Amino acid sequence: MRMKFTSLTVIVFCLLAQSAMAQQSWFRTDSLTGLTINGTKLANPWAGGLNASQFLKMDLDGDGVEDLVVYDRTNSKVSAFVADAARKVYVHAPFYETLFPQTDNWMVLADYDGDGLKDLFASTSLGISLYRQVKNGTAWHWELMREVLYTKGFSGNINLQVSGTDIPGIVDIDNDGDLDLLTFDFSGTYIELHQNLSMEKYGRADSLGTSANPVFQRNGDCWGNFHKGDNEGFVFGVPCGVVENAGGKIMHAGNSILLHDLNGDGKRDLLAGHVSNEHISFLTNSAAGLVADFTSYSNNYPAADPVLMHIFPAAFMEDIDFDGVKDLLIAPNIPSNDANFTNFKTSVWYYHNAGTSDNPVFQLRQKDFLQSQMLDTGENAAPAFFDVDGDGDLDMVVGTGGMPRSNGFRGSMYLLRNNGSAAVADFTLETEDYLGLAGQLGLYNIRPQWADFNGDGVPDLGFAGTSTSTIKLEYRYIPNKAVQGAPAQLNLADAVQIALPAELQAGDSPYFYDGDRDGDLDLLVGKSQGNIFYYVNSGKGSQYTFSLQTDAFAGVSINFTGRFPQLAVADADLDGRPDLLTVDHTGNLRIFHSAAWGAWTERESALVEINKQPGAPVFGNYLALAVGDYNGDKKPDVAIGTNAGGVRLLTNILPVTITGVEPVQPEDVRVYPNPAAGYLRVSASRSGTFRVYNAGGTQLTGSIRTEANVEKELHTRSWPAGLYVVEWENGSSKVSRKIVVR
């Protein structure tokens, strides 16, 4: 392979000094590029996918119509969708996602202070935090009211805790105007009632109390006179000791709570999900008000097409079809894919309510609500750009985490063919198993990359994957037998396995790039611990011999918050030098730039335009990254693959226009014979200078002038046998050649 540096003729409309770059947005979220699947143009193609979703509603855009907020537990991330009531669709609105605080496990939207605006209860490591919605015209923001809520328990005042595996019920259970809280205990057996006494004590709903004087109080030993039994069973007739009088008698793992009148008798029934159950459990309440009494249950709910998921279904009731009646949504409440048995591509069941909100008749309509209108490969999507069909525009190959299949859990590659143009991309899903990967290789978490792996000048298709049999990281490339610019000619049977360094493990992310400019691919590795390894390849041709140069490349060392970094290299700031782009567990995109390879002095994270200002949106956990000019403006755009199985597109908006590229011909620089024995000759089609370095990087010659098409001969008899690099330069153009001396 040869490394080519081209000089760019640019017109810069504003001076991009480094101090100004920090104030300039580099990218804008792209929601306009089209994607068609099965003949349908998707409404939200690049919304990023969904896995374990929690469904909430609030008015995001101030038009008086409640919109949809989706919290994905596997990614600790909010997705926002504005309701288009006229068309009865939900439109992805990423701006509103940036207004929500970072949250783990669960969140609930409910009006705690009675002002008509929904507030935010969120899970924290200390228990429950509460944010009040503050509105100014159509704009709004969250104001943190309490970092921790307290309750009066059996042995004093304590943090009001909800198990991280649970979803609590936050509802006015006694109908007195303030919100009470119900949650399973930490054994997962009994429901605890933490009664809100704000109205009783102060005559208003918005008092939150203090650690010394909480307004919440544990009422009774349990709530509802029942507890969890074996498997999917329940035991009734348990005396809980809940009392009606305020301030009366004071006396966990994996549950979700939905309280609602489901049979029209005016009493709140319970839909309970459990971490070990496949069904949702319907418990009938025979008592109204604070002192509930559950007397029967069914695990076949709804009666028609009952819920059946691999594990831990959770229930949510919201009007999502614009008819004013609350419907039923079911999704798995799991932090990751348990034993890889869950199909995250169809993980949102939508039941239309043909009855009333308090006497529903649920009818199953689809198992991929919202997911059917976006690219959702299941989980761990990993995009890569390349002109697969040779028509002059960039197509997209997307690796997948995997799907439960007849031959086990297997990853695949999606092919999104660009049927638009180099300037206006318009993708169509051609296949969900490009090259038949899922049926032939036992791999999951597939991460593709196009690069010239065998040194023939044509990009090949490489991909990392975790072996289903050994659970070890493997890497292969498929040689592209086409000529440069022609449709790719790939055959999985020709795949070549690259022996990765022994210390690499599942969860690491290899990325190949010629960092030392010697004509072959070196190796960058984003480690699961957060640091970046850099290996130099001293092999020849398609033979790879890796030598670790640093375990903290670009100064990125072990760090918990930035674990699982994913990498890409491109000239992101358009200064003619390669930059490093990363995404990691912070959820942010970063760019290392404005210096030579590996010595970057600038590190930007406020890159994406948010409300006309540069910001750092959170894209989720376990991300992937690709760079490519998919809109033909000669500026690198970005695709971010998400753990939720989707892709987010970011269009480059730096105020630079590229007007031309000075070409480098395939035979510009020749260094021969190779191997050399006694002499070598250097020639180039243009005048320039060259230098020779040994394998250790020591410069052996000064700058030797060459005239266009005139050979320069060097004697090598006195040189020790080994590997050498000839670096030729003309202005900003550089070409490196690796040569062996015998």
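This passage describes a sheet, backbone features, salt bridges and cavities in a predicted model.

One sheet in the model is open and consists of three strands in the order 54-55-58, paired in the antiparallel sense. Strand 54, residues 669-672, and strand 58, residues 712-715, lie at its edges. Each of these two has a single partner strand, so one side of each is left without a neighbour in the sheet. From one strand to the next, the twist averages 15°. Strand 55 spans residues 679-684 and pairs with strand 58 over four bridges in the antiparallel sense. Within this pairing, Arg 681 has Glu 713 of strand 58 as its bridge partner.

The loop between strand 54 and strand 55 contains Pro 673. The peptide bond that leads from Tyr 672 to Pro 673 is cis, with an omega near -10°. Tyr 672 falls at the end of the range given for strand 54, 669-672. A cis peptide bond is also present between Tyr 301 and Pro 302, where omega is likewise near -10°. Pro 302 belongs to the loop that runs between strand 25 (294-298) and strand 26 (313-318).

Positive phi values occur at two residues described here. Asn 380 is not a glycine, yet its phi is positive, at about 50°. This residue sits in the loop between strand 29 (362-366) and strand 30 (382-386). Asn 380 has a relative accessibility of 10% and therefore counts as buried, the limit being under 20%. Leu 435, also a residue other than glycine, has a positive phi near 65°. Its loop lies between strand 35 (426-431) and helix 4 (437-440). With a relative accessibility of 22%, Leu 435 counts as partly exposed, because the buried class ends at 20% and the exposed class begins over 50%.

Side chains of opposite charge can pair when their charged atoms come close. The structure contains 26 salt bridges. One of them joins the side chains of Asp 84 and Arg 87, with an N to O distance of 2.7 Å. The two partners fall into separate accessibility classes: Asp 84, at 22% relative accessibility, is partly exposed, whereas Arg 87, at 55%, is exposed.

A further salt bridge connects Arg 218 with Glu 192 at 3.5 Å, N to O. This pair links distant parts of the chain, as Arg 218 is in strand 19 (residues 216-218) and Glu 192 is in strand 18 (residues 191-196), 26 residues apart. Both Arg 218 and Glu 192 are buried.

Lys 527 and Asp 508 also meet through their side chains in a salt bridge, at 2.7 Å from N to O. Lys 527 is placed in the loop between strand 41 (522-526) and strand 42 (532-537), and Asp 508 in the loop between strand 39 (496-498) and strand 40 (509-513), so the pair ties together parts that are 19 residues apart in sequence. Lys 527 is buried, as is Asp 508. Elsewhere, Asp 113, Asp 115, Arg 132 and Glu 143 are joined into one network by salt bridges that share partners.

Rolling a probe the size of a water molecule over the atoms shows where empty space is left. The largest cavity holds about 80 Å³ of space. Its lining is made up of Ala 47, Gly 48, Gly 49, Asp 72, Asn 75, Lys 77, Ser 79, Phe 619, Thr 642 and Ala 644. By class, three of these residues are nonpolar, five are polar and two are charged.

The second largest cavity holds about 50 Å³. It is lined by Tyr 112, Phe 121, Leu 130, Leu 179, Asn 196, Ala 205, Leu 208 and Phe 216. Here the lining comprises seven nonpolar residues and one polar residue, with no charged residues. In the lining of the largest cavity, by contrast, two charged residues are present.

Definitions and conventions: Residues numbered from 1 in each chain as written. Predicted model: local features only at pLDDT ≥ 70, side-chain atom pairs only at ≥ 80, totals over all residues. Heavy atoms only, no water. Pairing = 2+ DSSP bridges. Axes fitted to C-alpha atoms, helices over the stretch in contact; angles between N-to-C directions. Buried < 20%, exposed > 50% of the residue type's maximum accessible area, 1.4 Å probe, protein only. Salt bridge = Lys/Arg side-chain N within 4 Å of Asp/Glu carboxyl O. 1 Å grid on protein atoms, 1.4 Å probe; cavity = no way out; pocket = protein on both sides within 12 Å on 5 of 7 lines; lining within 4 Å. Points joined across faces, edges and corners; volume = space filled by probe spheres on them. Nonpolar A, V, L, I, M, F, W, Y, C, P; charged D, E, K, R; others polar.
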